[in-house]
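Please walk me through this structure, with attention to its metal site and its aromatic rings.

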Amino acid sequence: MKITRITVYRQDLPLEHPYWLSGGRLKFDVLDATFVRLDTDAGLVGWGEGTPWGHTYVPAHGPGLRAGIDTMAPFVLGHDPRRVLDVERAMDLALPGHLYAKAPIDMACWDIAGQAAGLPIADLMGGGSRRPKPIASSVGARSADETRVVMDRYRARGYRAHSVKIGGDVERDIARIRDTEANRRPGEIVLYDVNRGWSRQQALRVMRATEDLQVMFEQPGETLDDIAAIRAKHAAPVSVDEALVTLQDATRIARDGLAEVFGIKLNRVGGLTRAARMRDVALAHGIDMFVMATGGSVLADAEALHLAATLPDSACQAVWACQDMITVDIAGGRGPRNVDGHLHLSETSGLGVHPDADALGAPVAMYESPAS
Ligand code: MG
């Protein structure tokens, strides 16, 4: 089987509510999504998605993603999409780094491989837990009052896991954590996500002031060096998210004991193939995981759910449904959707959900192998 055509679509995904990132990063209200369709000479079609969470979150840029695909496409055409490692090496040769541009092609290859095998991607990867996965909210509010309003909005949709975005102001962060914990309901998972928004002294002040609450923080500094520097000076469990990009990051975090949890976002780490290696490093070191899209539609959520299903249930903290935060649906209600705060794995082979034929409009680029 050979990849004969790569077709690229661009789509704005407006957010239902404008989003504030921690640490004074820019507010944004729309996601720049790229969808990739791979056609094969066997008639199988695979879909991938790459949707950065704005362009101020991590080094990932919608137009840059499409430029990366433009560079890599000639080197991907002609490969057998079921040989995901061959495709990965072809992309690495054509364009070192730029993992976020590679993720949608990797995703579409796994989609085709699953269809060819007659298996959901999770099963093909050797996992396949059918236990519904709790969806974590993303609470980008600023004050304690706003936080309560947003969390209640998610609770009304069945959510029992929450990622509360903090960072940037020590006193306000302490107040929000104390207020949120006072209103926390039995059985809820709450993660306080700093999104790199603290300096080292800010991190230590908040983490020590809330030590009695035994809460968990995500990405409490800009870099792994920052997280390592404060590691011995606080008692809180830590999740590393944005600073977990490469397999080398994962092995350093595991070896040096920098975190108890990995936040694996598929687009950031380069897709399922690379994320699966991080999963194995985590499991070998007693590290639990949040597994999720970096952003995007139900396609991106479905990809993350497949990886989450390959984890032991006890190691999977939560997934995400970014689809609940956007106002357009490119798949007409199909694919994994929020059911009482959980996502359920589909029994359909491959990714299990494709865009509607007319949802994406005209392609912005198309690449074909000379022979086709
Ligand atoms: Mg995070």
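The paragraphs below take the metal site, then the ring pairs.

This is a predicted model. Start at the magnesium ion. Its protein donors are Asp193 (OD), Glu218 (OE) and Asp241 (OD), at 2.0 to 2.2 Å from the ion. Along the sequence these donor residues follow the spacing D-x24-E-x22-D. Asp193 sits in strand β6 (residues 189-193). Asp241 lies in the loop between β8 (238-240) and α9 (247-256). The two are 48 residues apart, so the pair links distant parts of the chain. Both Asp193 and Asp241 are buried.

Now the aromatic rings. The structure holds eight aromatic pairs. Take Trp53 and Trp320. Their ring centres are 5.3 Å apart and their planes meet at 80°. An angle over 60 degrees counts as edge-to-face, so this pair is edge-to-face. Trp53 is in the loop between β3 (45-50) and α1 (62-76), while Trp320 is in strand β11 (residues 316-320). In sequence they are 267 residues apart. Trp53 is buried, at 5% relative accessible area. Trp320 also counts as buried, at 5% relative accessibility.

Trp198 and Phe217 form another pair. Here the ring centres lie 5.6 Å apart and the planes are at 55°, so the pair is tilted. Trp198 belongs to the loop between β6 and α7 (200-209), and Phe217 to strand β7 (residues 216-218). The separation is 19 residues. Both Trp198 and Phe217 are buried.

Return to Trp53 and Trp320 for a last look. Ring pairs join them with Tyr19 and Phe28 into a cluster.

Note on methods
Residues are numbered from 1 along each chain as its sequence is written. This is a predicted model: local features need pLDDT of at least 70, side-chain atom pairs count only at pLDDT 80 or more; totals for chains, interfaces and linings use all residues. Side-chain values use heavy atoms; hydrogens and water are left out. Donors are N, O and S atoms within 2.8 Å of the metal (3.2 Å for Na, K and Ca); water is not among the atoms, so sites may look incomplete. Helices (H or I, at least four residues) and strands (E, at least two) are DSSP runs, numbered from the N terminus. Buried means under 20% relative accessible area, exposed over 50%, partly exposed in between (1.4 Å probe, protein chains only). Rings of Phe, Tyr and Trp (its six-membered ring) pair if their centres lie within 6.5 Å; planes under 30 degrees apart count as stacked, over 60 as edge-to-face and the rest as tilted.
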